[in-house]
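Could you walk me through this model in my viewer, one selection at a time? I would like to know what to click on next and what I will find there.

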Amino acid sequence: MPKSIVMRWSVRLLTPFVLLTCFAAAAPSAVADDPALEAWITTETGVAKQRLFANISPPGCAAGTVVASPSKMDPDYFFHWVRDGALTMDEVVSLYDQEPNAPTLQTLKDYAALSRVHQTFTPGMNANTDLGEPKFLVSGAVFDGQWGRPQNDGPALRAMTLIRFARRMLDDGDAAYVASLYDGRLPTHSVIKADLEYVSHHWQDRDVDLWEETRGRHFYTRMGQHRALRVGTEFARQINDGGAADFYEGQAGQLEDAIAGHWDQNRGYVLATLEPQDPNFKPSQLDVSIVLASLHTDAPNDPFFGPTDDRILATAQALAGTFRGHFIIN
């Protein structure tokens, strides 16, 4: 079955909790008016959290591993994907913000430590991949089989997640631990700094998209890289790494110009990939990854291609139109 059809399970694990949280926040009166619905949301939230944590550091896996799926054949997704892990652990940061506790804090620290292990495995393994290595064995070792490499959204998403975590640790007064996550040196020996340096020096590279289907310059990847550099700029300034902050800010500005080029005025929607390796593959370049990019990088104080941007809304409408009449369920 094509990878674009078989969605990896970490996103599915996140979906129930995220949707329930959004629903409760967006429509509190509707929930309050329906006791049965309110009870179901409470129950389902607990189930979603339980299933989420069941796939983080399961028995036999390295601490901090986020297993994409328990399936080991047809398809085999029993791996830690950098992208999936970052998205999942970003939700764990939110859960820790809502309810700080020692087990969740240890889970986040395990993830940060394993991420650094992954980074140190990668350089030299493949000169064209470096930190863009997409997935790892659950033991923590690198997966060295054939795969679509590099996938450069991973380091960006991981940096975003770990910066959120680092800021929370600063709020908690643990500056010493934060210094282990971002050391402000070159060459660096810290996980956040390494990812930001990789993103800032490799965002112009062509790479493999999040569906692992094609090589090119991808809207989803670039949006993640842009957001990572924006939050990286703010964080670097916060901890007095001003030179790096200026560099990250400059690269983010260049990325904005590149991302704007994905908008196709004639077609009336955002193109998922520019300069694709195979122009005949998905020639419409209309893909739900565009909407996901907007959602995964949304920031309250930065509307750049946000969910309410007219270009994103037009793309979502175009996507909906392609389903109309093709799938009975829709």
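A residue is called buried here when its relative accessible area is under 20%, exposed when that area is over 50%, and partly exposed in between. By that rule, 49% of the 330 residues in the protein chain are buried. Keep in mind that this is a predicted model.

**The whole chain.** Start with a cartoon view, where you can follow 12 helices and seven strands. Now switch on the surface: about 15,500 Å² is accessible, and carbon and sulfur atoms hold 56% of that. If you draw a contact map, look away from the diagonal. Of the contacts with a separation of 6 or more, 63% join residues 24 or more positions apart.

**Helix α4.** Select residues 82–98, which form helix α4. With 17 residues at 1.5 Å each, the helix should span 24 Å, and its end C-alpha atoms lie 25 Å apart, so the two values agree. Because 14 of its 17 residues are buried, α4 is largely enclosed by the rest of the structure.

**Two cis peptide bonds.** Next, go to P75, in the loop between α3 (35–54) and β1 (80–81). The peptide bond that leads from D74 to P75 is cis, with omega near 5°. Then jump to P187, which sits in the loop between α7 (175–181) and α8 (191–202). Here L186 and P187 are joined by a cis peptide bond with omega of about 0°.

**A positive phi at E212.** Move on to the loop between β3 (207–208) and β4 (215–218), where you will find E212. This residue is not a glycine, yet its phi is positive, at about 60°. E212 counts as buried because its relative accessibility is 16%, under the 20% cut-off.

**A cavity and its lining.** Which residues line the second largest cavity? Select D209, L210, W211, T214, H218, Y220, A272, T273, K282, Q285, D287 and S289 to see them. The space inside comes to about 80 Å³, and the search of the whole structure finds three cavities of 30 Å³ or more.

Two of these lining residues, Q285 and S289, deserve a closer look. Q285 lies in the loop between β7 (273–274) and α11, and at 8% relative accessibility it counts as buried. Show its side chain and you will see it reach the backbone nitrogen of T273 at 3.1 Å. Leaving aside residues up to four places away in sequence, Q285 touches R267, Y269, V270, L271, A272, T273, P276 and I290. For a distance label, try the C-alpha atoms of Q285 and Y269: they are 16 residues apart along the chain and separated by 9.3 Å.

S289 belongs to helix α11 and is buried, with 5% relative accessibility. Beyond residues up to four places away in sequence, S289 touches L210, W211, Y220 and A272.

**The loop from α11 to α12.** For the last stop, select D298, in the loop between α11 (289–296) and α12 (310–323). Is D298 buried or partly exposed? With 46% relative accessibility, D298 counts as partly exposed. Among residues over four places away in sequence, D298 touches G306 and P307. Its C-alpha atom is 9.9 Å from that of T308, which is 10 residues away in sequence.

F305 lies in this loop between α11 and α12 too. F305 is buried, with a relative accessible area of 1%, and its phi, near 50°, is positive although the residue is not a glycine.

Definitions and conventions
Residues numbered from 1 in each chain as written. Predicted model: local features only at pLDDT ≥ 70, side-chain atom pairs only at ≥ 80, totals over all residues. Heavy atoms only, no water. Helix = DSSP H or I, 4+ residues; strand = E, 2+ residues; numbered from the N terminus. Buried < 20%, exposed > 50% of the residue type's maximum accessible area, 1.4 Å probe, protein only. Contact = heavy atoms within 4.5 Å. Expected span 1.5 Å × (residues − 1). Areas by Shrake-Rupley, 256 points an atom, 1.4 Å probe, with all protein chains shown as cover. Polar contact = N/O pair within 3.5 Å; in protein donor to acceptor, adjacent residues only side chain to side chain. 1 Å grid on protein atoms, 1.4 Å probe; cavity = no way out; pocket = protein on both sides within 12 Å on 5 of 7 lines; lining within 4 Å. Points joined across faces, edges and corners; volume = space filled by probe spheres on them.
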